Amino acid sequence: MSPRPPYPRTRRPRTALAASCVTLLLAAAGCSFGEPEPDPAGEPPTFPTPSATASAGGAGQEVVTTVLAKGLRVPWAIAFLPDGAALVTERDSGRILRVGPESGTDGLKVTPVQTVPDVAAAGEGGLMGIAVSPDYQRDKSVFVYYTTERDNRIARLELGGTPTPILTGIPKAGIHNGGGLAFGPDGLLYASTGDAGDRPQAQDAKRLGGKILRITRDGKPAPGNPFPNSPVWSLGHRNVQGLAWDAGKRMYAVEFGQNTWDEINQITKGRNYGWPNVEGRDDDKRFVNPIAQWPTSDASCSGLTATDRLLVTACLRGKRLWLVELTDTGTVLGQPRELLTDRYGRLRAVAAAPDGSIWVSTSNHDGRGQPAAEDDRLLRLVFAGGGAGRS
């Protein structure tokens, strides 16, 4: 599948834990990871030992996938603490889980940290994004994005403490609640919102739905935003859930299309990404074209992460990862490659761990999957063939 297909952009009416592993083969240059080096802040966690036999794909590098934890319920987002532990949100239960760095015979230790009050999980809403403060060792702050009875909102908390809402009034619905949350290289907090089924608001810069927002840690519009006194950073989005930055500090977002094209976009200050006027590529110069797109049956991707020059996105309906290699200027190099297709069911969260490995969550208990006995699971991917995990 070409990363720059000559596809017409579809116009839309304006109204309208036992550990397991599998070794796969992959021809994606620039994604070599070895076993992690010790963290300067302490010893790395002891991961479960892969136990299954290897299976082969095409020619190229090998990647070993290990089940780190099992028995979770709709793990939505993953963020890492300075000690190497991961914080994982569960959408429907409203729980924040601490995973590792301690391990046992069944995998990494999973400890519920707290249940976020006021979470009203329904449809696609619930406890979604989570981000750890860049100054966590000093301020102990964690940020979460969640649905209440009235809205979607962002709150700051210390683990085990009462959340303090910092931005409220983000539109909510049974669908398209967005939920992505991440700190950018500039130290500011970015959040992705969905159109909540109200398409026109994605094109209205005065409304919060269908946007990527950029705010301070107090929830105020960040200095330098493109619209005066507004948290809006970009507009024209249908439902973005995954955000990432590459080694060159360029921003990317993965977006759910309606029923034709799902997208990865490079996000630029103040630009318009077309929804609901267009879906996928188009020749309308008012809108930014995606750098990669797929039919919704092959994608419907939620999570996104970047490691060096590689974008990795985790797909729900497509039941796979897509790997997109980037050039030094942020364009797509070669063809995107798929990984783990149909092996673990629906995949939602994806995050680059401090040791250079990739963590992925399944989402088979979300009402649209077919859960296996161990679901939902956290997976760890290590690409073999040289190169330290830490870069």
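These questions and answers cover pockets, core, disulfide and backbone features of a predicted model.

User: How many residues line the largest pocket, and which are closest to its centre?
Analyst: The largest pocket holds about 1,200 Å³ of space. Its lining has 46 residues. The closest to the centre are Ala182, Phe183, Thr305, Ala351 and Ala352.

User: Which element gives the largest share of the lining of the largest pocket?
Analyst: Several elements give two or more residues to this lining, among them β4 (75–80), α1 (136–139), β16 (240–245) and β25 (347–352). The strand at 301–307 is also on that list. It supplies six residues, the largest share. That element is β21.

User: How many charged residues are in the lining of the largest pocket?
Analyst: Sorted by class, this lining has 27 nonpolar residues. Another 15 are polar. The charged residues number four.

User: What is the make-up of the second largest pocket by class, and how many of its lining residues are charged?
Analyst: The second largest pocket has a volume of about 310 Å³. It is lined by 20 residues, and Glu124, Phe256, Leu316, Arg346 and Arg368 are the closest to its centre. By class, three are nonpolar and eight are polar. The charged count is nine.

User: Which elements give two or more residues to the lining of the largest cavity?
Analyst: The largest cavity encloses about 70 Å³. Its lining includes Arg238, Phe256, Trp261, Glu263, Val278 and Glu279. By class the lining splits into five nonpolar, two polar and four charged residues. The elements asked for are β18 (261–267) and β19 (278–279).

User: Which residues have the most contacts inside the largest nonpolar core?
Analyst: This core has 33 residues. Strands that each supply at least two of them include β8, β9 (142–147), β10 (152–157) and β11 (164–170). The residues with the most contacts inside the core are Ile96, Ile130, Val144, Ile154, Leu181 and Leu189.

User: What does Ile96 touch, leaving out residues up to four places away in sequence?
Analyst: Ile96 is among the core residues with the most contacts. Two others of that group, Ile130 and Val144, are on its contact list. The full list is Leu87, Val88, Thr111, Pro112, Val113, Gln114, Val116, Leu127, Ile130, Val144 and Leu157.

User: Which cysteines form the disulfide, and how far apart are their sulfur atoms?
Analyst: The search of the whole structure finds one disulfide. It joins Cys301 and Cys315. The link is right-handed, with 65° about the S-S bond. The sulfur atoms are 2.0 Å apart.

User: Which strands does the pair Cys301 and Cys315 tie together?
Analyst: Cys301 is buried at 1% relative accessible area. Cys315 is buried too, at 0%. The two cysteines are in separate strands, so the pair ties together parts 14 residues apart in sequence. Those strands are β21 and β22 (residues 310–315).

User: Is Val99 buried or exposed?
Analyst: Val99 lies in strand β6 (residues 95–104). It touches Ala85, Ala86, Val88, Leu108, Lys109, Val110, Trp359 and Leu378, leaving out residues up to four places away in sequence. Its relative accessibility is 0%, so Val99 counts as buried.

User: What separates the C-alpha atoms of Val99 and Lys109?
Analyst: Along the chain, the two are 10 residues apart. Lys109 is also one of the residues Val99 touches. Their C-alpha separation is 5.7 Å.

User: Where is Pro276, and what is omega for the peptide bond from Trp275?
Analyst: Most peptide bonds are trans. The bond from Trp275 to Pro276 is cis. Pro276 sits in the loop between β18 and β19. Omega is near 5°.

User: Which strand holds Pro101?
Analyst: The peptide bond from Gly100 to Pro101 is cis. Its omega is near 0°. Pro101 is in strand β6.

User: Is Asp118 buried or exposed?
Analyst: Asp118 is in the loop between β7 (107–115) and β8. Its phi is positive, near 75°. The cut-off for exposed is over 50% relative accessible area. At 57%, Asp118 is exposed.

User: What is phi for Asp342?
Analyst: Asp342 lies in the loop between β24 (337–339) and β25. At 56% relative accessibility it counts as exposed. Its phi is positive, in a residue other than glycine. The value is near 65°.

Definitions and conventions: Residues are numbered from 1 along each chain as its sequence is written. This is a predicted model: local features need pLDDT of at least 70, side-chain atom pairs count only at pLDDT 80 or more; totals for chains, interfaces and linings use all residues. Side-chain values use heavy atoms; hydrogens and water are left out. On a 1 Å grid over the protein atoms alone, a cavity is a set of points where a 1.4 Å probe fits but cannot get out, and a pocket is an open set with protein on both sides within 12 Å along at least five of seven lines; lining residues have an atom within 4 Å of a point. Grid points are joined across faces, edges and corners, and a volume is the space filled by probe spheres set on the points. Helices (H or I, at least four residues) and strands (E, at least two) are DSSP runs, numbered from the N terminus. Ala, Val, Leu, Ile, Met, Phe, Trp, Tyr, Cys and Pro count as nonpolar, Asp, Glu, Lys and Arg as charged, and the others, Gly among them, as polar. A nonpolar core is a set of buried Ala, Val, Leu, Ile, Met, Phe, Trp, Tyr and Cys residues joined through side-chain atoms within 4.5 Å. Buried means under 20% relative accessible area, exposed over 50%, partly exposed in between (1.4 Å probe, protein chains only). Contact means heavy atoms within 4.5 Å. A disulfide is a pair of cysteine sulfur atoms within 2.5 Å.
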